[in-house]
Amino acid sequence: MMMKKPFTLLLLAFTAGIHAQALDPEKIFARDLATIDSLPQLLELADKTLQEEQYSRYELVMKKLTELRPYDPVFRLDLAKAYALQDKKTEAYNDLIELQKAGLSYPVTEHSGFDLIKDTKVFEYIEDGMEQNAQAFGEGKQAFAVSHHYSGMLFENLAWDAKAERFLLGSVRSGAVYQYDEESGFSEFFKAGNPATGPWGVIDLVIDQSADLLWLATATLPHYTGTTQQNFGQAMISKIRLSTGEVLKNMSMAKSDQPKLFTAMHLTTSGDLYFINAFDSTFFRVKNGQETVEPVLALPGLSNIKAITSNAAESVLYVSDYELGLFVINLESLQVVPLIKGGKGFFAGMNDLFYDDGDLIGIQSGVQPARLMRYVLEKDLFLKNLFPIEASHPEFKDLGNGTLVGDHVFYAANTQWAKTDGLGRLLPNSSWEPLVIIKSPTRYRMEEHMLQQQKMEEIKRKRGLK
């Protein structure tokens, strides 16, 4: 019995240690954090831990957010700040250098959270790189501007009519479609529909040149002047004769208690029309020559889809989610996969997307600096290279959508949408500005970028890194 007493005391001490360890507040916090996937809840928790100077917990929350949103540079910047607040220089520098090498520019010197890691050569290198990234890049020029007297009409879409040599812009506010050409300037082309029956406020538009068709996606948002209690939350697709503006067919879904918002329209080369209902991320299609809307698939995991495009063979759809990045949909199997795997790079914040000769071009408004990117693809499925074709243009304020015309992209440099509140009213202390449309080449310095990439690959091979 005397031999058992020390063992019993040791067992009690060990058990007490496990119990104390189980009640450790940091371990409990980490355990509870692992169960949270709600972005608003995590953001609230991040703010709370930061304000209370619980920096180790703040780091854990930011790691969770970067896991959920791996392509969002803002979360990566905040994670770097979490490291810096704890004087974890190596970890902070690694994340900041990744942002800098991606061509991004964030004012790290203005963040008090980086004070502990500032006085080093590495930080100076990062600062210099960020400043260089903020410089204007590209050769985009103003194509035309819409007077501020019309800017409040909210032109959130743009299409090119090659036959008539004119741009078409649909108004969310009035439901009319306007045209611009160099000879006649800016004028109304398609008059707004009846608010009781539609078409309504123009959310998106695309042109089928060969079929002489203009497709409109319209809805009764609060921003639309014809929205009433009776028609609120409705949406439709309209088929318009491009040459005359005649309405050929209005296609709306069966009425339900759930509001609808059709957007992200894309017309394939064979004439199939794709679009989504933004409220539930369901994809729809109108096949060429038909006038019925059919569902394709639902992607509830992608809650902020901004754009759709397809490859030349029409075997895949490319999808841009503003928060989650780029995805590919196999149209035969309907399998959905991220275009870029492994979390390397920053592909969030993209509001429009185009397929161009085997590559993708993205209008990326949700990063600093705002920019146009070219994504060089291999076999339409694999990312081979990426580089900017326009960034930090002096006219850039809030990039909008655009259209691909030959070897140029035309797009809004200063969409007016952010100047409105949830009811579509102009925000206090704001004013409408002329809507500036920029024209940028799609292959700016492409040969230089590709040559640089080849040199890097050659160096990797020589060093045995590939």
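This text goes through the helical core, the salt bridges, a strand hairpin and two single residues of a predicted model.

A convenient place to start is helix α5. This helix has 13 residues and reaches 18 Å from its first C-alpha to its last, close to the 18 Å expected at 1.5 Å a residue. Asp-72 caps the N-terminal end of α5, where a side-chain oxygen of Asp-72 lies 2.9 Å from the backbone nitrogen of Val-74. After the helix comes Asp-87, with a positive phi near 60°. Of the 13 residues in α5, 12 are buried, and the helix is thus mostly covered. Among the buried residues are Pro-73, Phe-75, Leu-77, Leu-79, Tyr-83 and Leu-85. The buried set also includes residues with charged side chains, namely Arg-76, Asp-78 and Lys-81. What do the buried residues of α5 pack against? Their partners are α3, α4 and α6.

The same region can be described through its nonpolar residues. In soluble globular proteins, nonpolar side chains tend to be buried together. The largest nonpolar core in this model has 34 residues, and Val-61, Leu-65, Leu-96, Phe-114 and Ile-117 touch the most other members. At least two residues of this core come from each of α2, α3, α4, α5, α6 and α7 (121–133). Which helix gives the largest share of this core? That helix is α5, with eight residues. Leu-65 shows how such contacts run between positions separated in sequence: leaving aside neighbours within four places, Leu-65 is in contact with Leu-39, Leu-42, Leu-43, Ala-46 and Phe-75.

Charged pairs come next. Side chains of opposite charge can pair when their charged atoms come close. The structure holds 23 salt bridges. One of them joins Asp-37 and Lys-64, with the closest N and O atoms 3.5 Å apart. Asp-37 lies in the loop between α2 (25–33) and α3 (39–51), and Lys-64 lies in helix α4 (residues 55–68), so the pair ties together parts that are 27 residues apart in sequence. The two partners differ in exposure: Asp-37 is exposed, with a relative accessible area of 54%, whereas Lys-64 counts as buried at 11% relative accessibility.

A second salt bridge returns to α5, where the side chain of Arg-76 meets that of Glu-98 at 2.8 Å, N to O. Arg-76 is in helix α5 (residues 73–85) and Glu-98 in helix α6 (residues 89–101), so that the pair links distant parts of the chain, 22 residues apart. Both Glu-98 and Arg-76 are buried.

A third salt bridge lies in the strand region: Lys-239 pairs with Glu-291, and their closest N and O atoms are 3.3 Å apart. Lys-239 belongs to strand β8 (residues 235–241) and Glu-291 to the loop between β12 (282–286) and β13 (294–298), 52 residues apart. Lys-239 is buried, with a relative accessible area of 11%, while Glu-291 is partly exposed at 35%. Salt bridges can also be joined into a network, as they are for Glu-59, Lys-63 and Lys-88.

The next element is strand β10 (residues 262–267). Six of its six residues are buried, so β10 is largely enclosed by the rest of the structure. β10 pairs with strand β11 (residues 273–277) in the antiparallel sense over four bridges. Within this pairing, Phe-262 stands opposite Asn-277 in β11. The two strands form a hairpin with five residues between them, and Gly-271 in the turn has a positive phi of about 100°.

Two single residues complete the tour. Pro-300 is placed in the loop between β13 and β14 (305–310). Is Pro-300 buried or exposed? With a relative accessible area of 66%, Pro-300 is exposed. Not counting residues up to four places away in sequence, Pro-300 touches Asp-280 and Ser-281. Pro-300 and Thr-282 are 18 residues apart in sequence, and their C-alpha atoms are 7.5 Å apart in space.

Ser-151 is in helix α8 (residues 148–151). Ser-151 is buried, with a relative accessible area of 1%. The side chain of Ser-151 reaches the backbone nitrogen of Leu-435 at 3.3 Å. Beyond residues up to four places away in sequence, Ser-151 touches Val-146, Gln-416, Trp-432, Glu-433, Pro-434 and Leu-435.

Technical notes
Residues numbered from 1 in each chain as written. Predicted model: local features only at pLDDT ≥ 70, side-chain atom pairs only at ≥ 80, totals over all residues. Heavy atoms only, no water. Salt bridge = Lys/Arg side-chain N within 4 Å of Asp/Glu carboxyl O. Buried < 20%, exposed > 50% of the residue type's maximum accessible area, 1.4 Å probe, protein only. Expected span 1.5 Å × (residues − 1). Contact = heavy atoms within 4.5 Å. Polar contact = N/O pair within 3.5 Å; in protein donor to acceptor, adjacent residues only side chain to side chain. Pairing = 2+ DSSP bridges. Core = buried A, V, L, I, M, F, W, Y, C linked by side-chain atoms within 4.5 Å.
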